[in-house]
Amino acid sequence: MPHSILWSLVLTLHLVSIILWIGGGAYAVIILRPSLRLLDATQRNSVHLQTLARFFKVLTHVIPTTLITGWLLIIHEGGFANAPWTTNLMQLLGIIMAVLFVMMYTGPYQKARRSIRPQPSVFDSIRSRVLLIVGLGVLAVLSACLGHPFA
């Protein structure tokens with residue numbers, strides 16, 4: 001019995017990590033960003049940078065957790081050689097999402113963070129990349145659903 005509880009916990013950690021990753025990104029681009037337009041430029045930049053700093057700090061933990069728990073689940077279910085195409089698609093999308101995050105974090109986010117007055121174009125670049133990551137995340141979730149054996 002503890003064995004199944006362990007794997008249920010691994011799956012739970014995997015799902016919660018995915019929810020934070022995709023849901024946090026969706027919140028940032030769909031809800032937060034339009035709301036920031038109500039503030040003057042200085043306040044908007046400050047709130048935007050503080051929010052991104054917190055979100056990206058969470059993602060530095062969530063992304064490795066998502067990938068590692070996913071790989072543990074693959075190993076538990078028979079290994080990489082036996083993984084169905086839907087699982088391989090999820091892996092590919094997750095890795096692409098992680099690479100896009102690293103590129104965004106080390107590129108436009110650092111540029112915005114180091115700037116005295118970040119330009120709106122820098123935040124637009126971050127927003128478009130987060131939106132792309134969210135879209136890929138939704139495709140990964142669709143892949144998981146396609147791979148589920150509904151009876």
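**View 1. A nonpolar patch on the surface of the predicted model**. Eight side chains are labelled here: I68, W71, L72, I75, F80, I95, V99 and M103. Together they make a nonpolar surface patch of about 710 Å².

**View 2. The helices behind the patch**. Two elements each give two or more residues to the nonpolar patch: α2, spanning 41–76, and α3, spanning 85–114. Which of them supplies the largest share? That is α2, with four residues.

**View 3. Close-up of I95**. This isoleucine sits in helix α3 and is one of the residues that make the nonpolar patch. Is I95 buried, partly exposed or exposed? Its relative accessibility is 39%. Buried means under 20% and exposed means over 50%, so I95 counts as partly exposed.

**View 4. The helical framework around the patch**. The protein has four helices and zero strands. Read along the sequence, the pattern is α-α-α-α. The C-alpha atoms fill a box of roughly 55 × 30 × 30 Å along the principal axes.

**View 5. Contacts, burial and surface**. Take contacts between residues at least 6 apart in sequence: 79% of these join residues at least 24 apart. The protein has 151 residues, and 38% of them count as buried. About 9300 Å² of the protein is exposed. Carbon and sulfur atoms supply 71% of that area.

Note on methods: Residues numbered from 1 in each chain as written. Predicted model: local features only at pLDDT ≥ 70, side-chain atom pairs only at ≥ 80, totals over all residues. Heavy atoms only, no water. Patch = residues over 30% accessible without salt bridge, like charges linked within 9 Å, V, L, I, M, F, W, Y side chains within 5 Å. Areas by Shrake-Rupley, 256 points an atom, 1.4 Å probe, with all protein chains shown as cover. Salt bridge = Lys/Arg side-chain N within 4 Å of Asp/Glu carboxyl O. Buried < 20%, exposed > 50% of the residue type's maximum accessible area, 1.4 Å probe, protein only. Contact = heavy atoms within 4.5 Å.
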